[in-house]
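Student: I'd like to learn how to read a structure like this one, feature by feature. Could we go through it together?

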Amino acid sequence: QVQLVESGGGSVQAGGSLRLSCVQSEWTYKQGWFRQAPGKEREGVARITNIGITYYSDSVKDRFTISRDRNNTVHLEMNSLKPEDTAMYYCAARTRSVGAGWTDFDAWGHGTQVTVSS
């Protein structure tokens with residue numbers, strides 16, 4: 001099974017920036033970042049295909065950037081952070097085929113906490 005390990009979470013003031021990283025144990029077809037705040041549904045915030053096409057949720061568009069480096073480590077650069085961005089952030093990947101959309105990820109990391117204070 002593919003192993004995903006997130007890092008980079010922490011506490012930051014509103015308006016600040018944070019960069020999350022996700023180390024993959026092996027190559028996968030696509031990767032994404034999801035988040036879940038207490039009492040709320042898990043939300044897909046960003047994803048990137050194997051050819052580099054990116055997608056974002058409306059809530060983070062123009063503030064967050066997902067990328068993948070030469071080592072296949074996935075990053076999420078978060079700028080202009082808001083208190084409502086506070087959540088546990090999870091790295092996800094699709095391991096079986098290209099797929100499409102937010103719902104077909106099949107590998108998950110354990111999460112990294114992001115807390116944004118006002």
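Tutor: Let's begin with a term. Strands are DSSP runs of E with at least two residues, numbered from the N terminus. Keep in mind, too, that this is a predicted model.

Student: With strands named that way, where does N72 lie?

Tutor: N72 is in the loop between β7 and β8. Its phi is near 70°, which is positive although the residue isn't a glycine.

Student: What sign of phi do most residues other than glycine have?

Tutor: The general idea is that most of them have a negative phi. Here N72, with its positive value, has a partner in that respect: D62, whose phi is near 80°. D62 sits in the loop between β6 (54-56) and β7.

Student: Is D62 buried or exposed?

Tutor: D62 is exposed, at 76% relative accessible area. N72 comes out as partly exposed, with 22% relative accessibility.

Student: R63 comes next in my notes. Which loop holds R63, and is R63 buried or exposed?

Tutor: R63 is also in the β6-β7 loop, yet it counts as buried at 11% relative accessibility. The cut-off for buried is under 20%. A polar atom of the R63 side chain lies 2.8 Å from the backbone oxygen of S59. Leaving out residues up to four places away in sequence, R63 touches E77, M78, N79, S80, L81, K82 and D85.

Student: Now the sheets. How do strands of a sheet pair?

Tutor: In general, they pair through backbone hydrogen bonds, in either a parallel or an antiparallel sense. In this model, four strands make an open sheet in the order β1-β3-β8-β7, with antiparallel pairing.

Student: Which strands stand at the edges of that sheet?

Tutor: β1 (4-7) and β7 (64-68) do; each has a single partner strand, so one side of each has no neighbour in the sheet. From one strand to the next, the twist averages 15°. For a close look at one pair, take β7 and β8 (residues 74-78): they run antiparallel and are joined by 5 bridges. One register to check is S67, whose bridge partner in β8 is H75.

Student: What about β11? In which sense does it pair with β2?

Tutor: β11 pairs with β2 (residues 10-13) in the parallel sense, over 4 bridges; there, S11 has T115 as its bridge partner. With β9 (residues 87-94), β11 runs antiparallel, and 3 bridges join them. In that pairing Y89 stands opposite T112.

Student: Which side chains of β11 point to the buried face?

Tutor: Follow residues 112-117 and you'll see them alternate. T112, V114 and V116 point to one face and are buried, whereas Q113, T115 and S117 point to the other and aren't.

Student: How do I read a nonpolar core?

Tutor: As a general idea, nonpolar side chains in soluble globular proteins tend to be buried together. The largest nonpolar core here has 26 residues, and W33, I66, L76, M78 and Y89 have the most contacts inside it. At least two residues come from each of β3, β5 (43-48), β7, β8, β9 and β11, with β9 giving the most, 4 residues.

Student: Which residues is Y89 in contact with, beyond its sequence neighbours?

Tutor: Setting aside anything within four places in sequence, the contacts of Y89 include L20, W33, F34, L76, M78, T112 and V114. F34, one of those contacts, lies in strand β4 (residues 30-36) and is buried at 4% relative accessible area. Outside that same sequence window, F34 is in contact with residues including V45, M88, Y90, W102, F105 and W108. Its C-alpha is 10.0 Å from that of S57, 23 residues away along the chain.

Student: One last feature. How many disulfides are there?

Tutor: The count is 1: C22 joined to C91, with the sulfurs 2.0 Å apart. C22 is in β3 (residues 18-24) and C91 in β9, so the pair ties together parts that are 69 residues apart in sequence. For handedness, look at the torsion about the S-S bond: it is about -80°, so this disulfide is left-handed. C22 is buried, with 0% relative accessible area, and C91 is buried at 0% too.

Technical notes: Residues numbered from 1 in each chain as written. Heavy atoms only, no water. Buried < 20%, exposed > 50% of the residue type's maximum accessible area, 1.4 Å probe, protein only. Pairing = 2+ DSSP bridges. Disulfide = S-S within 2.5 Å. Axes fitted to C-alpha atoms, helices over the stretch in contact; angles between N-to-C directions. Core = buried A, V, L, I, M, F, W, Y, C linked by side-chain atoms within 4.5 Å. Contact = heavy atoms within 4.5 Å. Polar contact = N/O pair within 3.5 Å; in protein donor to acceptor, adjacent residues only side chain to side chain.
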